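Please keep the sequence and the three-dimensional view side by side while you read. The paragraphs below are meant to be followed slowly, with each named part located before moving on.

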Amino acid sequence: MLQLFFGLFNGISIGSVLLIAALGLAVVFGLMGVINLAHGELMMLGAYTTFVVQNIFKMLGDPWFGAYIFVALPVAFIVAALVGLALERGVIRFLYGRPLETLLATWGVSLILRQFVRSVNGVLAIGLVVFCLLFFGAWVLLSRRLDWQKIRNGVLTILVFLSTGIATVTGFLLSGQKALAKPWFSARNVDVTAPAWLRGGLPLGNFQIPYARIFIIILTIACIVGLYLFFNRSNWGLRIRAVTQNRQMSACLGIPTNQVDALTFALGSGLAGIAGVAITLLGSVGPNTGQNYIVDTFMVVVVGGVGNLLGSIIAAMAIGTVTYLVGSGTIALLFSQNSALQGIFDFFTFFADSSMAKVMVFALIITFLQFKPAGIFPQKGRTAEL
Amino acid sequence: MINLDKGTVIKRQKRRKLLIEGIAIAAIGLVLCLLLPAILPAFRLKLLGRFLSLAIVALGIDLIWGYTGLLSLGHGIFFALGGYGLAMHLKLQLPEGQIPDFFPLYGVEKLPFFWYPFYSFPVTLIAIVLVPTIVAGLLGYLVFRNRIKGVYFSILTQAALLVFFNFFNGQQKLINGTNGLKTDTDTLFGMVVSSSGMQLAFYEVTVLSVLIIYLLCRWLTSGRFGRILIAIRDDENRVRFSGYDPTGFKVLVFAISGGIAGVAGALYTVQSGIITPSFMEVAFSIEMVIWVAVGGRGTLIGAIIGTLLVTFARTLLSEQFPEVWLFFQGALFLLVVTVLPNGIVGWVKSWGWEKLRSLLGLEEPMVTYPSLEKDPLVQQEREELESVQDNQR
Amino acid sequence: MAEKILEIDNLTVNFDGFKALNNLNFSMDAGELRVIIGPNGAGKTTFLDVITGKVQPTEGTVRFKGKNLRKIAEHHISRLGIGRKFQTPRVYLNLSVRENLDLACNRQKNVFATLFQRPPATDKRNVFGLLETVGLTAKADLKADLLSHGEKQRLEIGMLVAQSPELLLVDEPVAGLTDEETENVGNLLLALAESHSIIVIEHDMEFVRQIARQVTVLHQGSVLCEGNMDRIQNDPRVIEVYLGQVPSIGEKEMIMLRIAASMAWADGNIATEEIDVVLTRLSRQFADDEQQQKELQHELRDYLGSKVAIADLVPQLETVAEREIVLKLSYEVISSSARTASEDLINEEEAIAYVNLIKLLELPAETVKRLEAEVQAMSKS
């Protein structure tokens, strides 16, 4: 009995990690129909932000260190949201209505972010700042000219090359400096030390429930409640829902759809940042951390049904529980007593490790989609499919 | 009368175009088969062979994405399945009673059952095509029959890819797990695979396969079948109301595309000397898509050109500055999608050609309603009108 | 010919509690041309969705030539012989006009047949003929993307015909077309109706009048009424759903009003005096106290339409009393005003229309004389 409870708890805890990672995705995909393959990398950025915040708090000393996570949460949210905002304004807004292209573009961003974390150092950062100052500064200055529309394309092309050139030269000149050329994070994984009060666990019979897991579950619940309140109680939440339902009509009613898009995307990205904080509690983080989550979280959204928070919650919990129960061999154990069920036991033992459990879960998802192709809560009506 | 004339004119034009295309293909084929092996060093030739086998997958992806509008992010599965098929056959070139050397490491003494068919070379050849075809067909059927499409399809293929990756990674006892199968020291027809003679043969086979598969795709996309694929891309529901069942077409195309990827995988494996589950990494499968996008989707020649360009750039960059390659690739994704949505060939077709011609002063670009100027029907009418006017005078 | 091509019983479609179709019953003979009208949200497009299999009915059955269409996939329904044209033109934008028609023309819609069989020569000829029919021969090799809206509409109708279905479902075929194009499409549909059964959904009443024989009115997901164009136009319920208010007069009274109005329109314009006569006389006829009469006059003004086929309307007046009222009123109307001062009160057009009306009314000659005399006496006093 206790064993089953423990299994269920672990399943829910895996599910809540999936859910917190999928929340941002569900917001962006459900409301805007955009698949953001860089979502995992935004999580990774959140995790690295936590790492940085933690390092700063380490310097402050012990009583402060325990509280770093409460600073890391908002900071990670803001960092990820800002990157998301830049991504939306810079790339995605040109690609609305072309979901497959968006998918490829966000993959490109994901590659760049991964390599950026690996190779970011003082030189690169300075080069980047120089580039931004030159390029956008010149853009702002030149856009005041009256004939701006006419010369825009040509000027921007020249500016890109010019700024890149100057930034590269600056980088070359600075690369002699050892201190600047040292990578900040390097390609290796970094470890985030959890605060003391999150280490250890709640003893329960023979088992122990880790505090970190409990914290993640609570964090997930808090995020869901916050999201629910935001969508249903705030003005911007109302606007976002309006734009989701009918973009043209909302625009006619004076809702700034551009801002709504940007805000929605920033919100989704910020949630990815918070998920990034959560995953630092589970293990070390590296440039490829995000990749481990992206497919699983997409499965949550696909199974849950688009644009439905409740569906995502149920789907995440179901996927989490099944993954744990199969992967840990708990199900196989159930059949181990009875020799008549040897075949079933062998079958489940074959799937009893975490990567094989994914195989089984995928098969189950495909089976599920045979009956409910649009997820647990499909959208209905004449406009649902055209 | 007039219409008949117009018909024959168009037919003649078509025939001439086909002839030119045929000659061009034959010429390129001859250059690749005979000329390049003579002038390129063996190392470069091997590289080209690998690129060409990757171009074969790109053709498959173009078929499913460029023509039918379904973005598959899971072609690594089919690529690797083909590769594993051939590698298993090579691993089995052993004296009677022995099993491949890695099995004893995991305490396996008996060959797993599914290895047995790969003793036979013909069966292997069939399996290289058929296994990926069937896997793709099955996956496609399960997804398409529920009208799952667009990004959902992409995500599901990516999930399937991850699942296969996990499976092959985890099963040391069946397929040597992460380490994969090394083929370069194995023999085929009594010759070591990595020997220069064998490699040359593989190169020639690759060139031939590219040609054959190009022709296959050309045949598939040119007739009614190809038009239905484009129709499905444009408006799938409309196709349904015209009485066609899009599911069947999509499953077939996806299966064919998978089979093509299998052939590519087998050829790539013997030329690179190893097949591991890393061929099923998420990144590699998406990279395949960018080859097609760079070259120009919806054009077969674009897929080949794109693959050669990008893979060549990759070798160049990742040899010199491994760090820059990912930045470059990321930027490539962004650029192609935003600036060059129809790829190089698409750009040349729509703008570049005209610009080039007008630059050379050969012909002014048309500014009237498309091609009315050249229409034989209009020409004839004009002449008739003129003759009538002459008569009146 | 009385074979039913389409029978629909108790059809209900429920979208999350919203009943797009509600207990709808409908049937149609083979070879019929039926127009379906109805205000926005009446369920017209959902109705077509159900027939073509795009939406599964929550309850009820759809039978095509006696075959139940429940759970049959869209492409099978299409192959059974039901073709559909969508509200917004949906053609394959990246294919040429010729290729669009060729795909629709193809009889072998199986996957492998399209791959391995050579298209028969008849298909090519059919496509050629269709190009002429829809007038797109000159643009046959252009991408459909480059066509104008009207051309796309025509192309889609051509594709529909190419499928040669037994039942054509046409959703708003003239939306966004010019008057001339509208008339062409109307003639095309009428020509098709010779050999096909057709359901047309349309908002444009002029167009409906051009092609309609039988009209069905949908309202809130069920059939409100059916009949020929004139009956529909005079049905108080139809007027209610379109104008949003119940007419306070009955159907018979509405017919009288229409006939009188058509008399007033006979010379091509309707004068204020004529309107006054019609409204005051009729309101006095239909209501007793003065307040009601005033309100009626105001309301009836909305129903003074110009184009009325009196030949269809008159037979619907059954009692002699009703016919007498109509005759009296009509005589009064035509003699109430003249277009110009120099003209007779009853001009030539009005006289012709009046004689025609007398014929239709089939009243004895002495009754006509008596009534005319009454009117003259009244106007003198």
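What follows is a walk through a predicted model, beginning with chain B and then turning to its partners.

Chain B contains 15 helices and four strands, and its C-alpha atoms fill a box of roughly 100 × 55 × 40 Å when this is taken along the principal axes. Of the 393 residues in chain B, 45% are buried. If we consider the contacts in chain B with a separation of 6 or more, 79% of them are made by residues 24 or more positions apart.

A good place to look at burial in detail is helix α8 of chain B, which covers residues 224-234. Nine of the 11 residues of α8(B) are buried, so this helix is largely enclosed by the rest of the structure. The buried residues of α8(B) are Arg224(B), Phe225(B), Gly226(B), Arg227(B), Ile228(B), Leu229(B), Ile230(B), Ala231(B) and Ile232(B). What do these buried residues pack against? Within chain B they pack against α2 (42-67), α7 (196-222), α9 (236-241) and α10 (246-272), and from chain C they meet α3 and α4.

That last point leads to the boundary between the two chains, where 23 residues of chain C are in contact with 19 residues of chain B. On the side of chain C, the elements that give two or more residues are α2 (74-80), α3 (97-105) and α4 (111-116). The largest share comes from α2(C), which provides four residues. Sorted by class, this side of chain C has 10 nonpolar, seven polar and six charged residues.

Staying with chain C, we can now look at its open sheet, in which six strands follow the order β6-β7-β8-β3-β9-β10 and the pairing is mixed. Strands β6 (82-85) and β10 (222-227) of chain C stand at the edges with a single partner strand each, so one side of each is left without a neighbour in the sheet. On average, and with direction ignored, neighbouring strands of this sheet are turned by 20° against each other. At one edge, strand β9 (residues 214-219) of chain C pairs with β10(C) in the antiparallel sense over five bridges, and Thr216(C) has Glu226(C) in β10(C) as its bridge partner. In general, strands of a sheet pair through backbone hydrogen bonds, either parallel or antiparallel.

Two helices of chain C can be placed in relation to these strands. Helix α1 (residues 44-52) of chain C lies across β3 (33-37), β6, β7 (167-171), β8 (197-201) and β9 of chain C, and it runs at about 150° to β7(C). Helix α7 (residues 179-193) of chain C lies across β3, β7 and β8 of chain C, and it runs at about 150° to β8(C).

We turn next to chain A, which meets chain B through a contact that takes 33 residues from chain A and 36 residues from chain B. The elements of chain A that give two or more residues to this contact are α5 (99-119), α13 (289-304) and α17. Among them, α5(A) gives the most, with 14 residues. By class, the side of chain A that touches chain B has 23 nonpolar, six polar and four charged residues.

One part of this meeting can be followed helix by helix. The axes of helix α17 (residues 354-371) of chain A and helix α5 (residues 151-170) of chain B come within 8 Å and cross at roughly 145°, and the crossing is left-handed. From α17(A), the residues Ser355(A), Met356(A), Lys358(A), Val359(A) and Phe362(A) meet a group in α5(B) that includes Ala159(B), Val163(B) and Phe167(B). This contact of α17(A) with α5(B) has seven nonpolar, four polar and one charged residues.

Finally, the domain assignment of chain A gives domain 1 (2-120 + 183-371) and domain 2 (121-182). The C-alpha centres of these two domains of chain A lie 35 Å apart, and their contact takes four residues from domain 1 and four residues from domain 2. The side of domain 1 of chain A that touches domain 2 has three nonpolar, one polar and no charged residues. Also in chain A, strand β1 (residues 201-204) is joined by four bridges to strand β2 (residues 207-210), and the two run antiparallel. Leu202(A) stands opposite Ile209(A) in β2(A). These two strands form a hairpin with two residues between them, and Gly205(A) in the turn has a positive phi of about 60°.

How values were computed: Residues numbered from 1 in each chain as written. Chains lettered and ligands numbered in written order. Predicted model: local features only at pLDDT ≥ 70, side-chain atom pairs only at ≥ 80, totals over all residues. Contact = placed C-beta atoms within 7 Å. Nonpolar A, V, L, I, M, F, W, Y, C, P; charged D, E, K, R; others polar. Pairing = 2+ DSSP bridges. Domains from an automatic or database assignment. Axes fitted to C-alpha atoms, helices over the stretch in contact; angles between N-to-C directions. Left-handed = near helix turned anticlockwise from the far one by under 90°. Buried ≥ 20, exposed ≤ 12 C-beta atoms within 10 Å, placed from the backbone.
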